Structures are given as C-alpha cells and as structure tokens.
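Please explain how this protein is put together on the inside. I am new to it and would like to be led through its core, its cysteines and its empty spaces.

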Amino acid sequence: MENVSFVRIFTLSGLNETLNYRVALFSLTLLYYCAILFFNVSLIIIIALDENLHEPMYILLCSVCVNGLYGTTGFYPKFLLDLLSPSPEIVYEGCLFQAFILYSFACCDLSILAVMAYDRYLAICRPLHYHSQMSKRRLSQLVCFSWLTPLCIHSINVFLTSRLKLCSSNMQKIFCVNWVIVKLACSEADTFSNNIAAYITIVIYVSHGFFIIWTYMHIVKTAVRSENVRVKFMQTCVPHLISLIVFLVTILFYFMHMRFGSRDLPQNLQNFISIEFLLIPPLMNPLIYGFKLSKIRQKILYLVHVGKK
C-alpha cells in the first residue's frame, strides 16, 4: 500500500484570535498588498523600458522585484480570502503548492542577493574585467541559477512531503509550511529523507551566506584604499547591504521561531513573526533601490515631472 496522505483539507487555525477585527485587518492587508504590487511593478516597468538601465545590477534588481511579486502572490490573495472566511481551510494540494512557493521565494531571494554581491565584487574589486566576466551570457546563466536552483530543491522537498501519510489536519499557522506538514505525519511515517533534504537545503543556502560575506570582505578592503571606490560603494553597495540585512534578519526571526519559538507567545505575535519575510523585504526592496540608486531615482523624478505637465 502506498504511503500517501489521507488528509484532503487542512484547517488554518492561526487566525482564530482575529475574529473581532478581521474587517480592519482585511482592509490594511489589501492596501499593503496593493502597495507591494504598485512599487514592484513600477520598478520592473521602469527598468524594462529604459535601455540605459539594461545593466547587470538593474536586471538583477528587476529579478528581485519579480521574485517579490511571486512570493507575495503565493500568500496575500489566500490570506485575504481567509480573513473573510469563518473557518479558514486549504486543500491538501493547494497547501503543498503554497509551501513550495513561499520556501522557493525565500531561497530565490538569497540566491539573487548572492549574485548581486558577486556583481558588486566584480565592479569594485575587478573593474577592468567586469564587462568580460559579467557578459550577457554569464548574467543570463546567473539569473537562471538563482531561480532554477531553489525551484528544483523545493520541488524535491515538496515531493518527499507528498509521500507522507498524515494523521492530523490542524495547522496552527496562517499559511502552509513544509516542515509543519511533515510534523503532521503519522508516527510510523518515515521522515528520514525529508530531514536529509532539509539539512542539505540549509547547507546550500548557508554557503550562499558565507559567499556573500567573502565578497564583502574584499569589497570593503578595496573601498578602504580608494576614495573613488568608497563613493561607488556608498552608491551601489549600501542599498544591497540594507536589503540583505533586512532579509536575513526577517528570515532568522522566522526560523528561530519555527525551531525554538515558544507556544506561550500570543498567537498574533507568532503570526507577525512568521510573515515578516513576506511583509518587509517585498515592500522595502523597491523603495530602497528606487530612492538610493541615482539612475532609477532620476528616472522616477523625470516621470513625475512629465506627469505634472
């Protein structure tokens, strides 16, 4: 007999404490999601339509915005529907799909940030070799790597989870999480392969973090020696650093809460901690890069000026 789930519908009980103010929460969430869509889509259109912005740094920024749209679309529409439902539920297949989207979104973000760090390393530490090493072909390969790697990894993780027989349908979350689905497996279910896949995923993305640290060690070392490089560092690396720090802090909070978080915390606080990576980076990234990168800022100001005429 195949070891597959008998659970067809999950109950998302993380919203049980929001009954008294769901309409207000729905309105604020809808407004926030519209802001995420507006700023990310605007930045993508600005970069796509302006040939002067068809450079590696801006194409990677465009990839960050596309990923932000991908991840938030996997969460906000369903969350908004759940706020209008007296008993939020999600079908088994939909739950696996949402878990796949949210996990691949987070890992894709880190992959793109690692590629951006490599781009800044070449631009600042090896400027004479920048155009030869960051060619259109190489850039295409790196963008494909940053997307396909997390998609493939989490396809495997979700496939392994789909083989488990589940004995509970109550998920004390506001969205589906792969590791929580695994914890709902029956006691006799073999989760060894899921654990191995999870640890391999962690090793892969921790190595991304070490690579980013390595690139910035060289970038800072080079910037200290030259005033011109320091100016370039402040203009192009600071937005990336802010984006990176915001992402890592939110993800760290999420995983610390997932692994070691106390259930004694109020449910609303647990919900906020769990969705920080879907709240802050998707909105902050386009704002940080839009205001800090001079070419994009000038383009925005030009469009605003033209619009007033």
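## Core, cysteines and spaces

The largest nonpolar core has 90 residues, and those with the most contacts inside it are F10, F75, L166, M171 and F175. Helix α4, which spans residues 92–125, gives this core its largest share, 24 residues. The model is a predicted one. As a general point, nonpolar side chains tend to be buried together in soluble globular proteins.

M171 is a useful place to start, as one of the residues with the most contacts inside that core. Leaving aside neighbours within four places in sequence, M171 is in contact with F10, T11, L12, S13 and G14, and also with C95, C176, V177, V180, I181 and L184. Two of the names in that list, C95 and C176, lead to the next topic.

The structure holds 2 disulfides. One of them joins C95 to C176, with an S to S distance of 2.0 Å. The pair links distant parts of the chain: C95 belongs to helix α4, C176 lies in the loop between β3 (170–171) and α7 (178–183), and the two are 81 residues apart. The angle about the S-S bond is -115°, and the link of C95 and C176 is left-handed. Is C95 buried or exposed? C95 is buried, because its relative accessible area is 0%. C176 also counts as buried, because its relative accessibility is 0%.

The other disulfide is formed by C167 and C186, whose sulfur atoms are 1.7 Å apart. This pair, too, links distant parts of the chain: C167 is in the loop between α6 (136–162) and β3, C186 is in the loop between α7 and α8 (192–225), and 19 residues separate them. With 95° about the S-S bond, the link of C167 and C186 is right-handed. The two ends of this link fall into separate classes of accessibility. C167 is exposed, because its relative accessible area is 53%, whereas C186 counts as buried, because its relative accessibility is 5%. When the bonded cysteines are counted along the chain, the disulfides follow the pattern 1-3, 2-4.

Other cysteines can be checked in the same manner. Why is C34 without a disulfide bond? The closest cysteine sulfur to that of C34 is in C65, 17 Å away, so the two are too far apart for a bond. C34 is partly exposed, because its relative accessible area is 40%. For C152, the closest cysteine sulfur is in C144, at 11 Å, which is therefore too far for a bond. C152 counts as partly exposed, because its relative accessibility is 47%.

From the cysteines we turn to empty space. In general, rolling a probe the size of a water molecule over the atoms shows where such space is left. The largest pocket holds about 890 Å³ of space. It is lined by 33 residues, and the closest to its centre are I202, Y205, V206, I251 and F255. The elements that give two or more residues to this lining are α4, α6, α7, α8 and α9 (227–260). Helix α4 is thus met again here, after its part in the largest nonpolar core. By type, the pocket lining divides into 25 nonpolar residues, 7 polar and 1 charged.

How many cavities of 30 Å³ or more does a search of the whole structure find? The search finds 1. The space in the largest cavity is about 40 Å³. Its lining is made up of M57, M116, D119, R120, T236, H240 and Y289. Two or more of these residues come from each of α4 and α9, and α4 gives the largest share, 3 residues. The lining of the largest cavity divides into 3 nonpolar, 2 polar and 2 charged residues.

One last residue, L53, belongs to the loop between α1 (22–49) and α2 (56–73). L53 is buried, because its relative accessible area is 1%. Neighbours within four places in sequence left aside, L53 is in contact with I46, I47, Y58, I59, K295 and I296. A35 is 18 residues from L53 along the chain, and the C-alpha atoms of the two are separated by 23 Å.

Note on methods: Residues are numbered from 1 along each chain as its sequence is written. This is a predicted model: local features need pLDDT of at least 70, side-chain atom pairs count only at pLDDT 80 or more; totals for chains, interfaces and linings use all residues. Side-chain values use heavy atoms; hydrogens and water are left out. A nonpolar core is a set of buried Ala, Val, Leu, Ile, Met, Phe, Trp, Tyr and Cys residues joined through side-chain atoms within 4.5 Å. Buried means under 20% relative accessible area, exposed over 50%, partly exposed in between (1.4 Å probe, protein chains only). Helices (H or I, at least four residues) and strands (E, at least two) are DSSP runs, numbered from the N terminus. Contact means heavy atoms within 4.5 Å. A disulfide is a pair of cysteine sulfur atoms within 2.5 Å. On a 1 Å grid over the protein atoms alone, a cavity is a set of points where a 1.4 Å probe fits but cannot get out, and a pocket is an open set with protein on both sides within 12 Å along at least five of seven lines; lining residues have an atom within 4 Å of a point. Grid points are joined across faces, edges and corners, and a volume is the space filled by probe spheres set on the points. Ala, Val, Leu, Ile, Met, Phe, Trp, Tyr, Cys and Pro count as nonpolar, Asp, Glu, Lys and Arg as charged, and the others, Gly among them, as polar.
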